[in-house]
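Subject: Structure handover

Hello,

Here is the structure I promised to pass on. Please open it and keep it beside you as you read my notes.

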Amino acid sequence: MRLKFWLGTVGVLLIAGTTTAEAQVRFAPQVSFASETDFGIGGRANFNLTSLFKTPGFFGIAEFNYFFPSGPVNYWEINGNLGYIIPGAHKVAHPYLGAGLNIGHASADCGGFTGGCSSTDAGVNLLGGVNFHTRTKLTPYLEARIQLGHGDQFVATGGIYF
């Protein structure tokens, strides 16, 4: 029940932040490397939440990643995070910190059992990253995330917002 409450809260914040004229949504493909689930690919959406919090610097991140762990295991995850750009005169990049929720799903073939074996668990994300300035609309980013609760792993992610 608590998980549904928190997921609903994150969803409402992300949606509410995109309902005003000031709202901006950016999308990015990404590549990830994780300490437990190896290489992953995915995508993310970044939502400007300045109008929701009435303070510049807040943004939401919704992302999906599919990982390719070694062995006969399939793993994907969904993350919903709230970030805050660290204020200051940053000429080259905008560093940020954040936290959020993670839902991870692992499955494997379990010797012929119908449907196989699978597990879906939730955890907490603590993250930090940097968005780099460019002379175009393309914005490269790098992010480091620690996942706590179900998978306890370190994830490094990078991509380009367009």
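Start with the order of elements. Along the sequence, the protein chain reads α-β-β-α-β-β-β-β-β-β. That gives two helices and eight strands. Please bear in mind that this is a predicted model.

Next, the overall arrangement. The eight strands form a closed barrel. Its order is 1-2-3-4-5-6-7-8, and the pairing is antiparallel. On average, neighbouring strands of this sheet are turned by 25° against each other, direction ignored.

Some totals for the protein chain follow. It has 162 residues, and 35% of them are buried. The exposed surface comes to about 9,100 Å², with 69% supplied by carbon and sulfur atoms. Take the contacts between residues at least 6 apart in sequence: 51% of these join residues at least 24 apart.

Now look at strand 3, residues 58-68. Strand 2, residues 38-48, runs antiparallel to strand 3, and 10 bridges join the two. Within that pairing, Asn46 stands opposite Ile61 of strand 3. Strand 3 also pairs with strand 4, residues 73-85. That pairing is antiparallel too, over 10 bridges. Here Phe59 has Gly83 of strand 4 as its bridge partner. The hairpin of strand 3 and strand 4 has four residues between the strands. In this hairpin, Gly71 takes a positive phi near 95°.

One residue in strand 3 deserves a stop: Glu63. Is Glu63 buried or exposed? Glu63 is buried, because its relative accessible area is 3% and the cut-off for buried is under 20%.

Which side chains make polar contacts with the side chain of Glu63? One is Gln30, at 3.1 Å. Another is Arg44, at 2.9 Å. Both residues also appear in the wider contact list of Glu63, which leaves aside neighbours within four places in sequence. The rest of that list is Gly43, Glu77, Ile78, Asn79 and Arg145.

A general point helps when you turn the strands on screen. In a regular strand, side chains alternate between the two faces of the sheet.

Last, move further along the chain. Strand 5 covers residues 93-108, and strand 6 covers residues 117-132. They pair in the antiparallel sense over 16 bridges. Within this pair, Gly100 stands opposite Asn125 of strand 6.

I suggest beginning with Glu63 and its two polar contacts, to Gln30 and to Arg44. Then follow the barrel strand by strand, from 1 to 8.

Best wishes

Terms used
Residues numbered from 1 in each chain as written. Predicted model: local features only at pLDDT ≥ 70, side-chain atom pairs only at ≥ 80, totals over all residues. Heavy atoms only, no water. Buried < 20%, exposed > 50% of the residue type's maximum accessible area, 1.4 Å probe, protein only. Contact = heavy atoms within 4.5 Å. Areas by Shrake-Rupley, 256 points an atom, 1.4 Å probe, with all protein chains shown as cover. Polar contact = N/O pair within 3.5 Å; in protein donor to acceptor, adjacent residues only side chain to side chain. Pairing = 2+ DSSP bridges. Axes fitted to C-alpha atoms, helices over the stretch in contact; angles between N-to-C directions.
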